[in-house]
Amino acid sequence: MASVAPCALAQSATSESPQQQWVMNEHKMTVPEYETLPAQFNPTEFNAAEWVSIAKAAGVKYITITSKHHDGFAMFRTKQTDWNIVDRTPYKKDPLAQLAEECHRQGIKLFFYHSQLDWHHPDYFPLGKTGLTAGRPASGTWSRYLDFMDAQLTELLTNNGPIGGIWFDGWWDKPDADWRLDRTYRLIHRLQPQALIGNNHHQPPFPGEDFQIFERDLPGQKTATWNWNSTVSNLPLETNDTINASWGYTRADHKWKTTNELVRYLVRAAGMNANLLLNVGPMPSGKIQPEAVERLKQMGEWLSVFGDSIYGTRGGPITIRSWGVTTQKDKRIFVHILDWQDQALALPKVEGHIQRAYMMDGNRAVQVSQADFGTLLRLPKLDVTRPDNIVVLELSRTASDTHASGK
């Protein structure tokens with residue numbers, strides 16, 4: 001099973017900027033009313049090289065960009081409808097093609113966020129739970145809409161070179177409908193066998209899906225109501241969240257998460273075997289807000305020092321605790337201390353012999369006592385202003401090594 005790296009960036013470029021992607025539904029706009037907005041959208045300052053460079057400096061390994069949101073507006077050149085950025089806006093260009101070319105040049109994987117839900121298309125019928133005030137006709141051919149969606153996906157997967165995967169959303173609008181997922185998933189894997197499929201349906205994974213998504217939640221935590229029916233599968237996992245409070249650009253949203261908060265969420269995600277997909281809502285101009293750029297740069301600086309405890313790791317042998325999490329790579333366990341001030345930290349028993357323990361920053365020695373009832377770390381004074389104080393435990397052998405040798 002292919003997998004993706006544990007730090008990623010979602011960019012919600014939307015036609016209705018400077019408002020959020022849900023504006024059509026929230027403001028009860030009809031299709032004719034909403035169709036006046038693209039004429040106001042002209043992101044002339046969009047620079048694909050700048051976007052990808054910002055992502056690389058943040059330590060990002062893949063980008064997920066909106067190809068179509070719930071409003072049905074295609075952020076790419078498509079022959080299936082004129083409801084797209086090339087035909088309906090003064091910008092007249094395909095930003096996704098530019099981004100794909102730049103991702104390939106700079107070595108970043110590109111995923112497309114694609115909404116299965118569509119408030120604009122007349123064949124999205126019967127209607128679902130949302131978009132009920134759009135004024136669409138009370139008729140339509142569902143199979144024709146699914147053919148339309150597959151045709152647009154075919155364009156995305158044949159016109160942009162190798163793609164990392166497709167990130168679906170909107171299934172939850174009509175959970176009882178026949179979405180022909182098996183057909184759509186086969187199409188994607190036929191066109192690009194390496195492409196990964198994830199679906200933000202908040203259910204256990206369906207056949208054909210390659211990774212599991214947890215929206216604004218860590219795997220298995222179920223703090224969000226829409227995740228109550230989810231269970232953690234054996235597939236690669238991804239959790240997502242916003243860098244401020246909104247998915248799309250919102251002028252009045254100043255609720256920026258601190259860099260420390262973002263790093264801690266990344267660490268917790270890694271400790272629970274998940275990648276972190278961190279969302280950024282670009283401005284109507286096509287630029288990324290400076291507050292977001294600043295935080296992404298600082299996260300990249302942290303990863304440049306401590307990334308070995310994140311990249312290529314799995315969740316460690318000690319499950320999430322109030323003080324933090326663990327990650328593991330080969331015979332190294334990384335103890336991520338996120339909320340702890342005492343100089344003694346009691347852990348459950350660590351299988352295998354710990355031959356060396358030290359702080360990842362500065363290599364300061366950590367005293368270790370191992371016993372059948374647990375493991376005790378005696379820590380040097382911790383810097384509580386840091387997002388994470390990391391203890392590295394080097395094992396001379398693991399439990400599996402001991403079992404294999406019969407000792």
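This section describes strand β4 and its parallel neighbours, residue Leu-187, and an antiparallel sheet of 3 strands. The model is predicted, so that local features are restricted to pLDDT of at least 70 and side-chain atom pairs to pLDDT 80 or more, whereas totals for chains, interfaces and linings use all residues. Residues are numbered from 1 along each chain as its sequence is written, and side-chain values use heavy atoms, with hydrogens and water left out. Helices (H or I, at least four residues) and strands (E, at least two) are DSSP runs, numbered from the N terminus.

Strand β4 spans residues 165–169, and 5 of its 5 residues are buried (buried, under 20% relative accessible area; exposed, over 50%; partly exposed, in between; 1.4 Å probe, protein chains only). In a regular strand the side chains alternate between the two faces of the sheet. On one side of β4 lie Gly-165, Trp-167 and Asp-169, on the other Ile-166 and Phe-168, and all are buried, leaving both faces covered.

Pairing between two strands requires at least two DSSP bridges. Strand β3 (residues 109–115) pairs with β4 in the parallel sense over 5 bridges, and Phe-112 has Ile-166 as its bridge partner in β4. The connection from β3 to β4 passes through helix α6 (residues 142–158) as a right-handed β-α-β crossover; right-handed denotes a path from the first strand over the helix to the second that runs clockwise with the strands pointing away from the viewer. Strand β5 (residues 196–199) is likewise a parallel partner of β4, over 4 bridges, with Gly-198 in β5 as the bridge partner of Trp-167. From β4 the chain reaches β5 through α7, again in a right-handed β-α-β crossover.

Helix α7 comprises residues 181–191 and includes Leu-187. Leu-187 counts as buried because its relative accessibility is 13%. Beyond residues up to four places away in sequence, Leu-187 touches Asp-150 and Thr-154 (contact, heavy atoms within 4.5 Å). Thr-154 is 33 residues from Leu-187 in sequence, with a C-alpha to C-alpha distance of 7.8 Å.

An open sheet is formed by 3 strands in the order β12-β15-β14, with antiparallel pairing. Strands β12 (344–347) and β14 (367–371) are at the edges and have a single partner strand each, so one side of each lacks a neighbour in the sheet. The twist from one strand to the next averages 15°, with axes taken as lines fitted to C-alpha atoms, for helices over the stretch in contact, and angles running from 0 to 180 degrees between N-to-C directions. Strand β15 (residues 374–378) pairs with β14 over 5 bridges in the antiparallel sense; Leu-376 in β15 is the bridge partner of Ser-369.
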